[in-house]
Structures are given as C-alpha cells and as structure tokens.
Amino acid sequence: MAYNQEIHDTIPDKGSALPELHYMLFWQGIFVVPFNIFKEVNMVKENVAGFHYELYKNCLVIYVTQDLDHHAVLSLRERSDRLIEAGDVKHVIFDFKDVGFMDSSGIGLLMGRYKKVMFLGGRAAVTSVGRAVDRIFKISGLYKIIEKYDTPGDAIKALEVKYEDYI
C-alpha cells in the first residue's frame, strides 16, 4: 500500500494536545485505532491463538500458552513487534506458566524483544518459568539480560519502580 499523506497528517504527534491518546498502527494498510490506556482503562487485552497479550501502563505482558518452537515463534515475533512499536511500551514481560518446551528459536525471540525494549529505555522479564525452560535460560545465559519474577504482577511492580528510578 502506498504512503498516504492525508491519513498521516490526521495522526497527532506525541507532543500534541491529546497526550492521553495512543495510536496503534497496523502495517497491513493504515488503520488508526485510538485507545486510552491511562484514564478510564488500566489494561488493554488481546487474545491471539496460542498467546494472550495485555498492555498495562507501559508494560506489555505476553502470556505464552503453548510450547515455543519455530512455528509458534513466527507469529509471536510478528505480533509482539507490532505491539511494541505501536505504543508507549517500555517493558516486555513473558509469562511462561503454560510452557513446557522451548527451542533455540524461543531464545532468539526473547533476545530480539529484549533488544527492542532496551533501545527504548526499557527492560525485559520472564515469569512463571518451569523447570525445563529454566534450565534452558540458565545454560543460554538469558538470565544475565532478562530478569526473572514469580508472577506478572511482581514483574510489573519491579519494572515500574526501576523505570521511575531513571527519570
């Protein structure tokens, strides 16, 4: 689809008079969907086959509900990248409660999302990691760059505090 200046001009920039509005731009055509995540709604939720996404303030929480192999990683990578790039996401949290297996493509997925949020001044975290996946994290060294918490709520609290320390 060609670039459309008329549509682009209708999107306020982040310094506009409407700071409470955030816009989600979808790459397949240009669809602008305003949503307010700070005033009336604390959390935005979305369900996609195999994954559940929640946006809480500046944290994107991804509940992984299937094993992370090559096929699952492809759709998760695409969708999570769009969500990170579309809003004011500073931190990404992966919940591994329902994951029993992860291969090297899962490691690549986590490292890629870590790099994206790191360049935005954020952090990455994992929660509810089972024994098998925990072993992979330790062997690969992911815990050196990605923080581990018991629950998504614990991670959100910790990341918000750390984010405020940088302000």
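Which residues does Ile93 touch, not counting residues up to four places away in sequence? I began my notes with this question, working throughout on a predicted model.

**Entry 1, Ile93.** I located Ile93 in strand 6, which spans residues 91–95. Listing its contacts, I found that Ile93 touches Cys59, Leu60, Val61, Ile62, Ala125, Thr127, Pro152, Ala155, Ile156 and Leu159, with residues up to four places away in sequence left out of the list. I then looked up its accessibility and noted a relative accessible area of 0%, which means that Ile93 is buried, as the cut-off for that term is under 20%. I also checked a pair across the sequence: Ile93 and Val126 lie 33 residues apart along the chain, and their C-alpha atoms are separated by 5.5 Å.

**Entry 2, the whole chain.** I counted 5 helices and 8 strands in the protein chain, and reading along the sequence I wrote down the pattern α-β-β-β-β-β-α-β-α-β-α-β-α. Of the 167 residues in the protein chain, 41% are buried. Taking the contacts with a separation of 6 or more, I found that 57% are between residues 24 or more positions apart. For the accessible surface of the protein chain I noted about 9700 Å², with 56% of that belonging to carbon and sulfur atoms.

**Entry 3, helix 2 against helix 3.** I looked up how helix 2 (residues 70–86) packs with helix 3, and recorded an angle of about 10° with the axes 10 Å apart. Because angles under 35 degrees count as roughly parallel, I entered helix 2 as roughly parallel to helix 3. On the side of helix 2 the contact is made by His70, Val73, Leu76, Arg77, Ser80, Asp81, Ile84 and Glu85, while helix 3 contributes Ser105, Gly106, Leu109, Arg113, Lys116 and Val117. Sorting the residues of this contact by type, I obtained 5 nonpolar, 4 polar and 5 charged.

**Entry 4, helix 4.** Which residues of helix 4 are buried? In this helix, residues 131–140, I found Val133, Asp134 and Phe137 to be buried. They cover an arc of only 105° around the axis, so I placed them on the same side of helix 4. On the other side of helix 4, I noted that Arg131, Arg135, Lys138 and Ile139 are exposed. I then asked what covers the buried residues, and the cover includes helix 3 (104–119), strand 7 (124–127) and strand 8 (147–149). Finally, I followed the backbone just past helix 4, where Gly141 takes a positive phi of about 85°.

Note on methods. Residues are numbered from 1 along each chain as its sequence is written. This is a predicted model: local features need pLDDT of at least 70, side-chain atom pairs count only at pLDDT 80 or more; totals for chains, interfaces and linings use all residues. Side-chain values use heavy atoms; hydrogens and water are left out. Buried means under 20% relative accessible area, exposed over 50%, partly exposed in between (1.4 Å probe, protein chains only). Helices (H or I, at least four residues) and strands (E, at least two) are DSSP runs, numbered from the N terminus. The arc is that of the directions from the helix axis to the C-beta atoms. Contact means heavy atoms within 4.5 Å. Accessible areas come from the Shrake-Rupley method with a 1.4 Å probe; for residues, only the protein chains shown count as cover. Axes are lines fitted to C-alpha atoms, for helices over the stretch in contact, and angles run from 0 to 180 degrees between N-to-C directions. Angles under 35 degrees count as roughly parallel, over 145 as roughly antiparallel, 65 to 115 as roughly perpendicular and the rest as oblique. Ala, Val, Leu, Ile, Met, Phe, Trp, Tyr, Cys and Pro count as nonpolar, Asp, Glu, Lys and Arg as charged, and the others, Gly among them, as polar.
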